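User: I have a model open and would like to talk through its empty spaces, its sheet and a few single residues. Could we go through them one by one?

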Amino acid sequence: MTVVLGAADVAGLIDAVDVVGAVEAVHADLGTGAMQQPAPVALTGADDALFLPMAVRSDRLGLVAVKLMADIPDNGARGLPSQRSTILVSSSVTGECVAVLDGMTITRARTAATTVVATKHLARSGGRTLGILGAGNLAVEHVRAFEGTRPFERIVVWSRSSGTVTRFLEAIGPDVARRCVVAPEVRRVIEEADVLCTLTPSIDPVVRGAWLHAGQHVNAVGARPRPTHRELDGAAMARGTVFVDSRATAWTKSGDLLEAVVEGALPRDLRPAELGEVVAGRAPGRTSDDEITVFDSVGLGAQDLAVAARLIDLARERGAGTPVTVARVGMPVPGR
């Protein structure tokens, strides 16, 4: 039987999942070569819609997954989410379709968890101030993820929209909101943050290299998966030591990386370390307290699979989701 976990099912189970632990473990697999993460293929058309089939296999988990991610900017005018995704999970042993899951909550949770893992392994210890650029749902998820692992004494947040900031403060709750400062401009957030998270759907840079300071760690997260969209300018990328979640994926769809190369700020033969290599001890992370580190987060199917696997186990234990039969068992296999 295949279990279908819709958005409500996933939302009801996700709080019981150690998302940070699952994501860290799968990055260790990537770092040791225990699993491979190929770059996704971008499917484009006459409009501005982009579809990314993100395929991954994990023999440790015994699962194969394909997440179809749709990035459709025109959905904003339709009153619909600009990004949607569905994850199909199969057994790597039998090929059976194990589950189909709505990807929205999983994507937000694993993205924030990856930021937490990157911060754990790359940021200078003792950082007190978290800076957040952008105050939408992804920002809320990031604050929740940090609160569950390493709370910051102070959070400085900026958004173009005051209404978005108001909703952000309400969503994170009064106790955390009391530690928040709303900044009037981007530069103030950057200058005050020990750890900076950029969570905007920006096309053009919002972070300038001249605004970064020694010892800072930057998580570049928010730009759409398009090779010309970015949040950091070339100078910001050049000032820091750059780390990526996957070199193959970053060289395909990270505008922060690719545009910095186009500008000549970074060399074309740059081979940044992958987060998994740092987690597995195969590559150095931060090498000094004064070093600026930049984690260029583009998102991987491996991260989705790590969380989906835990959700599938929980669904079985709790009888959650909708079981369906999508194929007969024991039937002859037709010729191709």
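User: Which residues line the largest cavity?

Analyst: The largest cavity is lined by Gln37, Pro38, Ala39, Pro40, Met54, Ala55, Thr249, Lys253, Gly299, Leu300 and Gly301. The elements that give two or more residues to this lining are β3 (50-58) and α9 (247-253), where helices (H or I, at least four residues) and strands (E, at least two) are DSSP runs numbered from the N terminus. Please keep in mind that this is a predicted model, in which local features need pLDDT of at least 70 and side-chain atom pairs count only at pLDDT 80 or more, while totals for chains, interfaces and linings use all residues. Residues are numbered from 1 along each chain as its sequence is written, and side-chain values use heavy atoms, with hydrogens and water left out.

User: How much space is in there, and how many cavities turn up in the whole structure?

Analyst: About 40 Å³ of space lies in the largest cavity, and a search of the whole structure finds 1 cavity of 30 Å³ or more. On a 1 Å grid over the protein atoms alone, a cavity is a set of points where a 1.4 Å probe fits but cannot get out, whereas a pocket is an open set with protein on both sides within 12 Å along at least five of seven lines; lining residues have an atom within 4 Å of a point. Grid points are joined across faces, edges and corners, and a volume is the space filled by probe spheres set on the points.

User: OK, pockets then. What is the volume of the largest one?

Analyst: The volume of the largest pocket is about 1,100 Å³. Its lining has 44 residues, and those closest to the centre of the pocket are Ser82, Gln83, Leu138, Pro201 and Gly222.

User: Which elements build that lining, and what is its chemical make-up?

Analyst: At least two residues each come from β4 (63-71), β5 (83-91), α3 (104-122), α4 (137-147) and α10 (255-262), and α3 gives the largest share, 5 residues. By class, the lining of the largest pocket has 15 nonpolar, 19 polar and 10 charged residues, counting Ala, Val, Leu, Ile, Met, Phe, Trp, Tyr, Cys and Pro as nonpolar, Asp, Glu, Lys and Arg as charged, and the others, Gly among them, as polar.

User: And the second largest pocket, what lines that?

Analyst: The second largest pocket, with a volume of about 360 Å³, is lined by 17 residues, and Ile14, Asp15, Val19, Ala109 and Glu141 lie nearest its centre. Two or more lining residues come from each of α2 (19-32), α3 and α4, with the largest share, 5 residues, from α3. The lining of the second largest pocket divides into 9 nonpolar, 3 polar and 5 charged residues.

User: Switching to the sheet: what is the strand order?

Analyst: The order is β2-β3-β4-β5-β6-β1-β15, an open sheet of 7 strands with mixed pairing, where two strands pair if DSSP finds at least two bridges between them. β2 (43-44) and β15 (322-324) are the edge strands, each pairing on one side only.

User: How many bridges join β3 to β4, and β4 to β5?

Analyst: β3 and β4 run antiparallel and are joined by 9 bridges, with Lys67 in β4 as the bridge partner of Met54; Met54 is also one of the residues lining the largest cavity. β4 and β5 likewise run antiparallel with 9 bridges, and Ala70 stands opposite Arg84 in β5.

User: What about β5 and β6?

Analyst: β5 and β6 (residues 97-102) pair in the antiparallel sense over 5 bridges, with Ser90 opposite Cys97 in β6. Their hairpin has 5 residues between the strands, and Gly95 takes a positive phi near 80°.

User: Since Cys97 came up, is it buried or exposed?

Analyst: Cys97 is buried (under 20% relative accessible area, with exposed over 50% and partly exposed in between, for a 1.4 Å probe and protein chains only), as its relative accessible area is 15%.

User: How many disulfides are there?

Analyst: The count comes to 0 disulfides, a disulfide being a pair of cysteine sulfur atoms within 2.5 Å. For Cys180, the nearest cysteine sulfur, that of Cys197, is 13 Å away, and Cys180 counts as buried at 14% relative accessibility.

User: Last one: how enclosed is helix α12?

Analyst: Of the 18 residues of α12, 13 are buried, so this helix is largely enclosed by the rest of the structure. α12 is followed by Gly319, whose phi is positive, near 70°.
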